Amino acid sequence: MKRREFVKSTAAAVSLPFWLQGCRFLDAGQYPVYFRSDYETGHLMLQGQQWEKEEAGAVETIIVGGGMAGMAAAVGLGPADFKLFELSGRLGGTSACEQYQGLQFSQGAHYELAYPEYYGEEVLSLFEKLKIIRYEPWKKMWSFEDQQHIIPFQRRQQCFENGMLRPDVIPEGSQKERFYQHLNRYLGEMHLPTRLIPEKNRHLNDLTFFDFLTEHSEVDPQFQRQLDYHMMDDWGGPSNQVSALAGIHYFMCRPYLTKSVDLFSPPNGNFYFLDKMKSVVTDEKLITNHLVSKIEKNKDEFLVEVLDVSRKKKKSFKCEKVIYAGQKHALKYVYRQEAHLFNQVQAPWMILNFVCEAEEGKYGFWQNEFLGENRSFLGFIDSSVQDRRAQKSKRVLTAYYCLEPKDREYLATIEASSKKIAAETLDYITEMLDEKIEVEACFVNVMGHAMSIPVPGFLFNDANEKGTDLIYAGVDNGRLPLLFEAVDSGLMAASVLSS
Ligand SMILES: Cc1cc2nc3c(=O)[nH]c(=O)nc-3n(C[C@H](O)[C@H](O)[C@H](O)COP(=O)(O)OP(=O)(O)OC[C@H]3O[C@@H](n4cnc5c(N)ncnc54)[C@H](O)[C@@H]3O)c2cc1C
């Protein structure tokens with residue numbers, strides 16, 4: 001059996017193990033493939049208990065996790081006495097970026113859209129102070145300062161399905177018109193952060209997007225496939241899994257229909273924002289390669305055990321306050337008594353960056369959306385349009401896979417197959433671009449708990465409102481998986497502690 005036949009025969013059940021079998025039919029490329037995963041971290045929680053202990057002293061506040069939310073909390077705490085611990089060797093979490101020979105490229109979140117007036121003022125004001133955005137009164141929108149990273153409208157995206165290219169995932173036509181007519185009444189009501197969404201629309205959090213759409217009319221399977229693509233691309237699950245609120249929010253949060261909205265995507269992706277926030281925080285307060293493994297409440301203080309991953313030492317801190325901005329699934333190890341507050345479905349993601357030769361003056365499309373047999377493969381970003389002023393001899397193609405929650409148990413097997421997976425992914429890309437791609441190196445990043453899927457009931461479920469001892473931040477605290485939400489959650493956590 002040939003590989004294509006194999007892939008077709010398993011397409012209906014294209015879960016990770018089947019797909020990995022299909023990859024075995026391919027020859028691996030000649031380029032190096034570097035692998036990164038957060039998979040080993042869980043083991044460290046246990047192994048680290050044997051490490052030598054060090055008394056590390058006291059600090060007023062400890063922030064757990066150096067993703068967007070943790071970093072925003074650090075900015076919010078300002079000059080206060082705090083330390084932020086991040087288990088990885090780099091900051092950023094799902095918005096981290098990789099570096100290679102002077103290039104920076106995203107290994108997670110990669111874009112933002114210009115902000116309308118009805119967004120939350122806390123994040124807008126922080127980004128204005130950091131000189132990320134400025135207000136344009138005539139547009140009633142906030143625009144990005146670094147205009148070189150605005151993706152030109154005509155280079156934004158192309159979509160590939162059944163061997164054909166088209167401009168959008170959802171093609172023009174009566175179905176699309178009816179769909180937008182149906183949703184139009186929510187335009188301007190889908191705020192960010194979602195905590196600002198008015199009460200009258202919150203019932204949309206109780207049913208799935210698919211059920212909402214099929215209440216009054218049929219959705220044909222092809223249209224459902226296109227909607228599912230969009231939902232997986234941003235929310236980590238298909239339309240019959242995510243809530244109607246999440247689905248409507250996706251299409252109605254920005255005034256796409258009434259204005260042209262800038263799309264901002266720097267080469268280092270949303271790490272750009274983290275870097276700007278980092279520039280106003282004292283470096284010594286941001287400590288990487290440190291895993292918070294246990295938190296205990298002792299009368300009026302917390303005892304926090306931190307594993308120094310590089311030195312293999314166990315440190316013990318006392319603090320008055322904790323902001324927990326790490327993923328909440330690990331609470332069952334770290335702070336067991338509050339683990340029950342978070343009951344989530346999480347999508348793993350896999351990202352592959354291909355560093356390739358670039359042809360001078362040749363620009364691709366930024367987003368290349370791929371609707372193929374393997375539904376987990378969503379397509380790729382082409383860096384050639386991310387900074388058109390720069391002279392470049394290389395471009396980076398960043399491919400995205402949104403895996404199913406049930407695939408998590410097979411993630412440990414990915415490293416051994418990573419060369420084959422790279423070859424398979426390059427095969428998809430070549431099929432879409434119809435050109436030979438010379439790859440210099442490939443970087444694979446696997447994130448097991450990358451995205452809490454906003455299933456019905458997930459949004460607005462803020463654990464901090466249930467009277468907890470420590471403050472939670474992060475998008476997995478009842479928020480949509482978006483940069484704006486993450487930053488808002490960090491700022492809110494810091495302001496609760498400071499008040
Ligand atoms: C593939 C992908 C693409 C995305 N694209 C976009 C996009 O284009 N635009 C957008 O707006 N959003 C996007 N998102 C969502 C966006 O990345 C997130 O909403 C945001 O970055 C989440 O930030 P966070 O701080 O809440 O969580 P995380 O990024 O998950 O950060 C949590 C951090 O805590 C650390 N940590 C966890 N436990 C511990 C511990 N015990 N001790 C120490 N450290 C710990 C982790 O290592 C991690 O760095 C994307 C997400 C993914 C997965």
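Colleague: In which sense do β17 and β21 pair, and over how many bridges?

Modeller: Bear in mind that we're looking at a predicted model. Trp349 is a good place to look, since Trp349 stands opposite Met447 in β21. Counting along the β17 and β21 pair, the sense is antiparallel and the number of bridges is 10.

Colleague: Which strands stand at the edges of the open sheet of 8 strands?

Modeller: Walk through the sheet in order and you get β1-β21-β17-β20-β19-β18-β10-β11, with mixed pairing. Two of these strands have a single partner strand each, so one side of each is left without a neighbour in the sheet. Those edge strands are β1 (33-37) and β11 (164-166).

Colleague: By how many degrees are neighbouring strands of this sheet turned against each other on average?

Modeller: We're still on the open sheet of 8 strands, where the pairing is mixed. Direction is ignored for this average, and the turn between neighbouring strands comes to 20°.

Colleague: Which helix packs on the sheet by touching β18, β19 and β20?

Modeller: Here are the pieces it touches: β18 (367-371), β19 (377-382) and β20 (394-402). The helix direction makes about 130° with that of β18. The helix in question, residues 221-235, is α8.

Colleague: And at about what angle to β21 does helix α12 run?

Modeller: Helix α12 covers residues 418-433. Helix α12 lies across β1, β10 (157-161), β17, β18, β19, β20 and β21. Against β21, the angle is about 100°.

Colleague: Moving on to the ligand, which residues around the ligand come nearest?

Modeller: There are 38 residues around the ligand. Among the elements that give two or more residues to this shell are α4 (68-77), β14 (290-298) and α13 (483-498). The residues that come nearest are Gly65, Gly67, Gly93, Ala109 and Gly326.

Colleague: How many charged residues does the shell around the ligand have?

Modeller: Both domain 1 and domain 2 feed this shell, with at least three residues drawn from each. Split by class, you find 23 nonpolar and 14 polar residues. For charged residues in the shell, the count is 1.

Colleague: Which element gives the largest share of the side of domain 1 that touches domain 2?

Modeller: The centres of domain 1 and domain 2 are 30 Å apart, taken over C-alpha atoms. Their contact takes 7 residues from domain 1 and 8 residues from domain 2. On the domain 1 side, the residues divide into 4 nonpolar, 3 polar and no charged. The largest share of that side, 5 residues, comes from β21.

Colleague: What about β14, which residue takes a positive phi in the hairpin of β14 and β15?

Modeller: β14 and β15 (residues 301-308) run antiparallel and are joined by 8 bridges. Within that pair, Lys297 has Phe302 in β15 as its bridge partner. The hairpin has 2 residues between the strands, and the one with a positive phi near 50° is Lys299.

Colleague: Then in the hairpin of β15 and β16, which residue takes a positive phi?

Modeller: β15 pairs with β16 (residues 313-324) in the antiparallel sense over 7 bridges. Leu303 has Lys318 in β16 as its bridge partner. In this hairpin there are 4 residues between the strands, and the positive phi near 50° belongs to Lys312.

Colleague: There's also an open sheet of 3 strands; which helix lies across β7, β8 and β9?

Modeller: This sheet has the order β7-β9-β8, with antiparallel pairing. β8 and β9 share 4 bridges, and Tyr135 has Trp142 in β9 as its bridge partner. The helix running at about 110° to β8 is α5 (residues 121-129).

Colleague: Which peptide bond is cis?

Modeller: Look in the loop between α6 (174-183) and α7 (209-214), where Pro193 lies. The omega is near -10°, and the cis bond runs from Leu192 to Pro193.

Colleague: Last one: what is the radius of gyration of the chain?

Modeller: The chain has 13 helices and 22 strands, and its C-alpha trace spans about 65 × 50 × 45 Å along the principal axes. For 499 residues the globule rule gives 23 Å, and the chain's value is close to that, so the chain is as compact as a globular protein of that length. The radius of gyration is 22 Å.

How values were computed: Residues are numbered from 1 along each chain as its sequence is written. This is a predicted model: local features need pLDDT of at least 70, side-chain atom pairs count only at pLDDT 80 or more; totals for chains, interfaces and linings use all residues. A residue is near a molecule or strand if its C-beta atom, placed from the backbone, lies within 6 Å of it. Ala, Val, Leu, Ile, Met, Phe, Trp, Tyr, Cys and Pro count as nonpolar, Asp, Glu, Lys and Arg as charged, and the others, Gly among them, as polar. Domain bounds come from an automatic or database domain assignment. Two strands pair if DSSP finds at least two bridges between them. Axes are lines fitted to C-alpha atoms, for helices over the stretch in contact, and angles run from 0 to 180 degrees between N-to-C directions. Two residues are in contact if their C-beta atoms, placed from the backbone, lie within 7 Å. The radius of gyration is taken over C-alpha atoms; the globule rule is 2.2 Å times the number of residues to the power 0.38.
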